[in-house]
Amino acid sequence: MGLQPLEFSDCYLDSPWFRERIRAHEAELEKTNKFIKELLKDGKNLIAATKNLSAAQRKFAHSLRDFKFEFIGDAETDDERCIDASLCEFSNFLKNLEEQREILALSVTETLIKPLEKFRKEQLGAVKEEKKKFDKETEKNYSLLEKHLNLSAKKKEPQLLEADFQVEQNRKHFYELSLEYVCKLQEIQERKKFECVEPVLSFFQGMFTFYHQGYELAKDFNHYKMALQINIQNTRNRFEGARWEVEELMNKIRRNPQEHKRANQFTIEGYLYVQEKRPAPFGSSWIKHYCMYRKETKKFTMIPFEHRSGGKMGDGDIFFLTCCTKRNMDTIDRRFCFDIEATDRFVTPVTMQAFSEEDRKLWMEALDGKEALFINLNRANTKREGSAQLDKIGFTILRKCISAVETRGINDQGLYRVVGVSSKVQRLLSLLMDAKTCSEIDLENSIDWEVKTITSAMKQYLRSLPEPLMTYELHGEFIIPAKSGSPESRVNAIHFLVHKLPEKNKEMLDILVKHLVNVSDHAKKNLMTVANLGVVFGPTLMRPQEETVAALMDLKFQNIVVEILIENHEKIFRTLPDATFSEPISMSVSPPNAPPRQSRRQGQRNKRPLAVYNLCLELDNVDNHSPSREDTPTGSMDSLSSQSPTPAISSSPPEIDKNHLILESGDLADWATNHPSQIRSSMVSWLNTQSPAIPTSATRTPTRSSFPFPVSVSGSDRQAESVTNRRARAVYPCEAEHSSELSFQIGAVFEDAWLGGIFSRERSTYRKNLGFGSKGVQVQFSREPGWLEGTLNGRRGLIPQNYVQFL
């Protein structure tokens, strides 16, 4: 049973039971007061904990955002780029979540803490004050009553009447206070129900809002999460395929290290101990050096290096070898030693010690030493041996296997991933490769051969070819498009390259890819998606000629090439490449300074530096026509990236590099105005140094060691005309991200393409200050290497250099 109501009429009786009911109401209010006090304490602790959690979550988000994955090789797959960007996405998700949590913490203060504190202070506090007054009046009333009752009856009548009047007045005042106190008690008992619960309801509403916001964020994040899971699975699959190849290469090298040495510019290289002679009392010491020798130039380089001191490398020593002689043990108390003599060393001969007798023989042979045994160090990369050939039998094998797979096992789970028993695979392959037995084998109706044996035999045949189906020659060119560019540009590049394959290779590749398209169409049952087929057939159809770890890191890009072939089979094999499409300039090496094509697809760009500018001089002669094709040296555009040094300028501007003009922006105008002749003379001097044979650069990107501006003058500087009024064709589509850039599609032809930079409103001013007049030299600021300036449809703007090919 709850509290009994307090009747107003009982205030006049003031019975013991009335007093008990008042004490029960007072006890309940005290209990409520303690509850609110404890709730406020817990609420403040909750806010503090929420803020601590938010701070920890934000710190966690910052850690995710600041970490960057490094990758092996020179490029990443699209899946890897998405995985790299995922940490930033996770960080942004947590950041958005914590913003909602901060709103929740503020709402707890406003909706829970402050209303409860107000109720406790104003309502419960007021009841306490009323209780004090009631208790004081009760004491006063009954004390006065006792004193009045103790008056003697012998008192005079006026005195008694006055005493009766005072007692009556005091009793009335007491009853009034009693009535007010009882009313307040019952009022607060009813008020507390909504005054306490309403803030708590608001608090829960805030929590529900927070969790709803989290739900909305999670719902928005779900699409990205699903895509990321696919990226992770694809990357894991490629990793598993690459790991097997790397382990296989490791085992090959472990069995025969000498057979798998990497081809490089040095005839031989490795560690040797070099004797350093000291004065007589101290004897001599042997210091380990890393030595490199080039037989063509007889150049010998040795660099001291000690592994035990943390891998510290000392200063190198370079000299030219004259002869090498074997040291016998009767002349020195050490084994495996030999002497070398040099023309430009003060101390000669130099005594060196190899690690073993075999190692010494290798060095003696490479150095043309006496008593050397012939060992061929520069072994050519031999082709894989095997009886498989790209002939009529080969096509028969492929067609038989494909027909059997599509008839018997197109829906088998793990098709092409599940391998057959090695002995059965070898037996089937040997029967198929024998012209006598090949026609007798019926793979479609025979139960002797499992589907996994047939698929493994087909893959083994393709791997046994002397050269992979997509050839060693085009291997690197197929890899380049897979590393960068938009999806459309990748398809166009691979389309172009497929039609460069030999006819037999292209025909067999067409048959195989058409089959793989059929396999991927049944992926719901066989689980062999396009990505899974890429993992299986990437290493089968493509192989680098030299097996190195660096080459194996490109396995993932081989998989991507196969995926593109499967997804675009009809376009690639049934249509000819676009007549306006030609082989990209950067098919071998991606320009290091040019903006990567994939950055456009991802909406990211390299920011142009603000403090440093490249001063680029552009000479044009409006009266001269474009040079004829005969007068234009091939690769003239490449001369811009040659390694010829630029003559030093006599009066240097602030922070000037002798090979590349780099000026602080604040000093540029003054220096250009005061030294126009120096710029002109330096430019002409540079032109004179470029007249000999101009090397061709695969990247076509200006480097720090060249003077990065195109020039066109008449007369003696005729060779510079080849870089002016150049026409270029787009080999990739591009969408402008800035008003100074041009948008274009594949095949667009640009007129008057220059190496240059962004437009400057001060061009004409500098041109005038440099003394060339309004039609002479133009000064441009190239803030972003790897960009061209050209004209398309009458509009002039910037073009990414690795998007075009010069005509």
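The lining of the second largest pocket in this predicted model is divided by class into nine nonpolar, nine polar and ten charged residues. The pocket itself holds about 860 Å³ of space. Its lining comprises 28 residues, of which Trp244, Glu245, Val419, Lys459 and Arg463 lie closest to the pocket centre. Four helices each contribute at least two lining residues: H4 (157-255), H7 (422-433), H9 (451-464) and H14 (530-541). Among the contributors to the lining, H4 provides the largest share, with eight residues.

Thr540 is located in helix H14, one of the helices that supply the pocket lining. The relative accessibility of Thr540 is 2%, and the residue is therefore classed as buried, the cut-off being under 20% relative accessible area. Beyond the residues up to four places away in sequence, Thr540 touches Lys459, Leu462 and Arg463. Two of these, Lys459 and Arg463, are also listed among the residues closest to the centre of the second largest pocket. Within its own stretch of chain, the side chain of Thr540 reaches the backbone oxygen of Val536 at a distance of 3.2 Å. A separation of 9.6 Å is found between the C-alpha atoms of Thr540 and Met470, which are 70 residues apart along the chain.

A second threonine, Thr351, is part of strand S7, which spans residues 350-353. Thr351 has a relative accessible area of 3% and so is likewise buried. Its side chain takes part in polar contacts with two other side chains: that of Asp339 at 2.8 Å and that of Arg327 at 3.2 Å. When neighbours within four places in sequence are set aside, the contacts of Thr351 are Tyr273, Val274, Gln275, Trp286, Arg327, Ile332, Cys337, Phe338 and Asp339. Both polar partners, Arg327 and Asp339, thus appear in this contact list.

Further along the chain, strands S13 (residues 787-792) and S14 (residues 795-800) are paired in the antiparallel sense, with six bridges between them. One of the bridge pairs places Thr791 opposite Arg796 of S14. The two strands form a hairpin with two residues between them, and in this hairpin Asn793 adopts a positive phi near 55°.

How values were computed
Residues numbered from 1 in each chain as written. Predicted model: local features only at pLDDT ≥ 70, side-chain atom pairs only at ≥ 80, totals over all residues. Heavy atoms only, no water. 1 Å grid on protein atoms, 1.4 Å probe; cavity = no way out; pocket = protein on both sides within 12 Å on 5 of 7 lines; lining within 4 Å. Points joined across faces, edges and corners; volume = space filled by probe spheres on them. Nonpolar A, V, L, I, M, F, W, Y, C, P; charged D, E, K, R; others polar. Buried < 20%, exposed > 50% of the residue type's maximum accessible area, 1.4 Å probe, protein only. Contact = heavy atoms within 4.5 Å. Polar contact = N/O pair within 3.5 Å; in protein donor to acceptor, adjacent residues only side chain to side chain. Pairing = 2+ DSSP bridges.
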